[in-house]
Each structure stands twice: as structure tokens, then as C-alpha cells.
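Biologist: I'm new to reading protein models. Could you walk me through a few features, one at a time?

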Amino acid sequence: MIKAPRGTRDLLPPDTALWNFVEAAVRDVFRAYNFQEIRTPIFESTELFARGVGEETDIVAKEMFTWEDRGRAESDKGQSLTLRPENTAGVVRAYIEHKLWDRGLNKLFYIGPQFRRERPQKGRFRQFYQIGAEVIGPASAGSESPARDAEILELLATLLDRLGIAGWTLELNSIGTPEDRVKFNDALRQALEPVTAQMCSDCQRRAITNPLRVFDCKVPEDQPIIEKLPRISQFLGESSRAHFAEVQEILKTVGVPFTLNDRLVRGLDYYTRTAFEFTHGALGAQNAILGGGRYDGLSEALGGPAAPGIGFAIGEDRLVMSMTESADSVARKPDVYIAPLGAGMNREAARLARELRRHDLVVDLGDESFRLKKSFEAADKMGARYILIVGENEVKAGAFALKHLASGEQNTIARGELAHRILQP
Ligand code: HAM
């Protein structure tokens, strides 16, 4: 038997109804905050992620699905391509490619699959889905303002509340400007020097190439050492501090609760200043429901103009897992099931179905070969509200037996009245 590859899965009905419910709610919220959708390719040149996300991150160093293109055209040959492990780099690539700075501040959102070769476990997949947003533009358009950070965070609180997800925690940190981080990295290198020999091989390498990434280490034996390392909060310059303080003030004013966590550095290299995660207790070990932050230097790192930005990505798989709503309660059931009875009645049923669907009713139908009992069973099973019987006599009379399945009440309704009657709750 051929199965879906490890770490991937099929989303089947009725669960897909829950996913659609989430995505519809999300689109509503994005509309209210004046965000517009962007769709970028699901594969990009490998270099984009190497330069954007960072060579020393777990994502780029270990988790990408990468291949060499073997297209016929000379220009394709040997190009290294990668399934996107995240979408911020792609959005910033598009920002540069299409000179989106001409539009001022861009408020963009996306919904789609991402790919990371991680060890699958609860809440962790190799193909997973993100709902994300990026706010990016020239500083003159206000992209650097702490008001943007606060708006993003308040949007997220609104979204989670709207979906009925209670019990989330917003963990907030500032990881400073690149200048702040030079000092922090120096301090980290110094602190690490006498202890790296006792650490895992990844940390030994990171200590030299990118000491901040030591905080991504999951090896239990390394944790006591990491716990004693200096904290970024001690190295923030005046401008980073003021920016971070203002973000917090706005959050307090609008009533979005948060906790400060100066160990939160995020696993991607592009972050500057504000960094955050929302966690949820019900998720277990993979408890980050979403993450994000500022990336003021990313556009320049990718060869574009200065374009401060901030964004987030929600793990949609984890979002759906933390919902209490059931798929059945959000799925729209058929309003009416049409039961054609006897030879030649499929045609009449098709005609009626067409008429009723024009009234925005959800209509399903059986087959003229079915006995009435079988039609009733089918209608019951799919949770239809009414069953409509279409036999030769009914067609001749222009009136049909309409039965309400829950109450058992049955009436004969003229063709022209059917839609109106079914539409009534
Ligand atoms: P990230 O923290 O790598 O950030 O991913 C964001 C969210 O995606 C995570 O919090 C988690 O919910 C979900 N996620 C990540 N990996 C998996 C997986 N293997 N299986 C299931 N869910 C997963 C980013 O991707 C950044 N691009 C976010 C961002 C946007 N920062 C600024 N703008």
C-alpha cells in the first residue's frame, strides 16, 4: 500500500470544515486590519533561505527539502531549489522584486503549506500550514514604529479570542539591534569559551560561528550551562529599550496581557528588536502556536533597500488542535436531500436541485433506483434537514412531499414555494 510520506497527512472531511472555518475567520480579521493577501511560490532558490533565515539555523542547516533542478534550459541547470520552510524570506524577496516600497507600507498576509524535515511528533509535521502576515515598507511609511509591533500583537490576541482559544500566553522579548547584538555575541563568546568543551558538537560550532544559536540547543546536559549565560536584556542600547518600552505601553493601554522572557531569541537569524511567541498549554511539547518578530535588516541582507518589517506565522495545524470547536459543529449540512422515486425521476430531481441551489440552499440527491428507505437512511446519515420526494405523481401535480427529518412533520408544498419553505429555520 502506498501511504502519505512520513510527516505529511491527509486532511479529510469533516476536519477540513474546521480548517475552512479558521481560515474564514482569519480572513475577516485581516480585512478589519486592512491586510491584503500575497501568494508566493512554494519553492524558491535555496540561496534565499541560506541568506535570509541563516546558514547556522536548524532550519537551514538540517531541515530543508532541497534539490538540484535538472531542467533542459541552460539557465535552469544545476540551480538549487528548496521547498519553502517559512514564508517571510519569500515575501521580502517579492517586496524587492516588485519594488513594493512604491506602495508605502505593505500589510500582507498568507495562508499555505511550509516544509521542514523535522522528526514528526504531536503538533510537528514535515508539511505543515502557516497563517502569516508581514508589515514591511520604507521607514518613512512608519514601518519602524512600535505602533506596528503593538498592532500585530493586538491583532493576534483578537484572532485567538475570536476563535475561542483561551489560555494562551504571549511571551515577549527584544533581541536588540545588530549593534546591540555584536556586544551580546562578544559576551556570549567569552562566557562560552571555558565551557564549550563540555557542550554538544552543534554548540561547539555555534559558539564560534553564531553564539546566539546556542539558545536553540535542546540537549538536556547543555541546559545548565546555557542557563548561566548572559542575557540579551543586559545589552540593549537606549533606542532598543525605548522602542520596546513603547510596544509594552501600547499593549497595556489596549489590554493585551504579556509576559517578558529575555531567553526568547527565536530560531531564525533575521530577527531584530521585538520577538514574540504565543504558547498554549494544551499542545504539549510543541507548545508554540505562533511566533514572529521584527526583521529590520532582512531586505538589505537580500540585496534590497532598507525596509524595516515585522510579522508572524501561526502554525495552523497547532491552531486547529487547540480549538474546542468540533468539526461537526461548523460543517454546513445539507438543507435538503432530494429522493427521486422511480424511472425517469433523476431528470426531474436534477431540475429541482438546480432551482433550489440557485437560492443558496445546500442540496444533495439520491438516485431513482433507490428505494425510499435507502433515501431516508442516506438523508439521515448526512444530517440533512429535509427530505423531498420526487415521484411521477408529484411532478404531474407540481407539488412535492417535504418532510422535516427531526420532527417527522410532512407537508405537500407547491414547486414555487419550496425554496422559501426550506429556507425557514
Ligand atoms: P517559526 O517560529 O519558525 O517562525 O514558525 C511559526 C510557527 O509555525 C510555529 O510557532 C509553529 O506553530 C509552526 N510550525 C513550525 N514548524 C512546524 C512544524 N514542523 N509542524 C507544525 N507546525 C510548525 C516562522 O516561520 C517565521 N517566518 C514567522 C515570522 C513571520 N516572523 C516574522 N514574520
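Modeller: Sure, let's begin with helices: helices (H or I, at least four residues) and strands (E, at least two) are DSSP runs, numbered from the N terminus. The expected span of a helix is 1.5 Å times one less than its number of residues. Keep in mind that this is a predicted model, where local features need pLDDT of at least 70, side-chain atom pairs count only at pLDDT 80 or more, and totals for chains, interfaces and linings use all residues. Residues are numbered from 1 along each chain as its sequence is written, and side-chain values use heavy atoms, with hydrogens and water left out.

Biologist: How many residues does helix 13 have, and what span does it reach?

Modeller: Helix 13 (residues 345-357) has 13 residues, and from first C-alpha to last it reaches 18 Å, close to the expected 18 Å.

Biologist: Which residues of helix 13 are buried?

Modeller: Buried means under 20% relative accessible area, exposed over 50%, and partly exposed in between (1.4 Å probe, protein chains only). In helix 13 the buried ones are Met-345, Glu-348, Ala-349, Leu-352, Ala-353 and Leu-356. Looking down the axis of helix 13, you find these buried residues within an arc of 135 degrees, so they line one face of the helix. That arc is taken from the directions from the helix axis to the C-beta atoms. The face turned away from the buried side carries Arg-347 and Arg-354, which are exposed.

Biologist: What do the buried residues of helix 13 pack against?

Modeller: Here contact means heavy atoms within 4.5 Å. Their partners include strand 12 (336-340), strand 14 (386-390) and helix 16 (418-423).

Biologist: Let's try helix 6: which of its residues are buried and which are exposed?

Modeller: Helix 6 (residues 178-192) has 15 residues and reaches 20 Å, close to the 21 Å expected. Its buried residues are Asp-180, Arg-181, Phe-184, Asn-185, Ala-187, Leu-188 and Leu-192. They fall within an arc of 165 degrees seen down the axis of helix 6, so they line one face. On the other side of helix 6, Glu-179, Val-182, Lys-183 and Gln-190 are exposed. Helix 7 (201-209), helix 9 (238-254) and strand 9 (272-280) are among what covers the buried residues of helix 6.

Biologist: And how do I read a pocket?

Modeller: Rolling a probe the size of a water molecule over the atoms shows where empty space is left. On a 1 Å grid over the protein atoms alone, a pocket is an open set of points where a 1.4 Å probe fits, with protein on both sides within 12 Å along at least five of seven lines; lining residues have an atom within 4 Å of a point. Grid points are joined across faces, edges and corners, and a volume is the space filled by probe spheres set on the points. The second largest pocket has a volume of about 190 Å³. Its lining includes Asn-34, His-98, Arg-103 and Leu-108, and strand 5 (residues 106-115) gives the largest share, 3 residues.

Biologist: What about backbone angles: where is Lys-99 found, and what is its phi?

Modeller: Lys-99 has a positive phi of about 50 degrees although it is not a glycine, and it is found in the loop between helix 4 (88-97) and strand 5. At 47% relative accessibility, Lys-99 counts as partly exposed. Arg-266 also has a positive phi, near 65 degrees, but at 13% relative accessibility Arg-266 counts as buried.

Biologist: Which peptide bond is cis?

Modeller: The one from Pro-13 to Pro-14, with omega near 5 degrees. Pro-14 lies in the segment before helix 1 (15-32).
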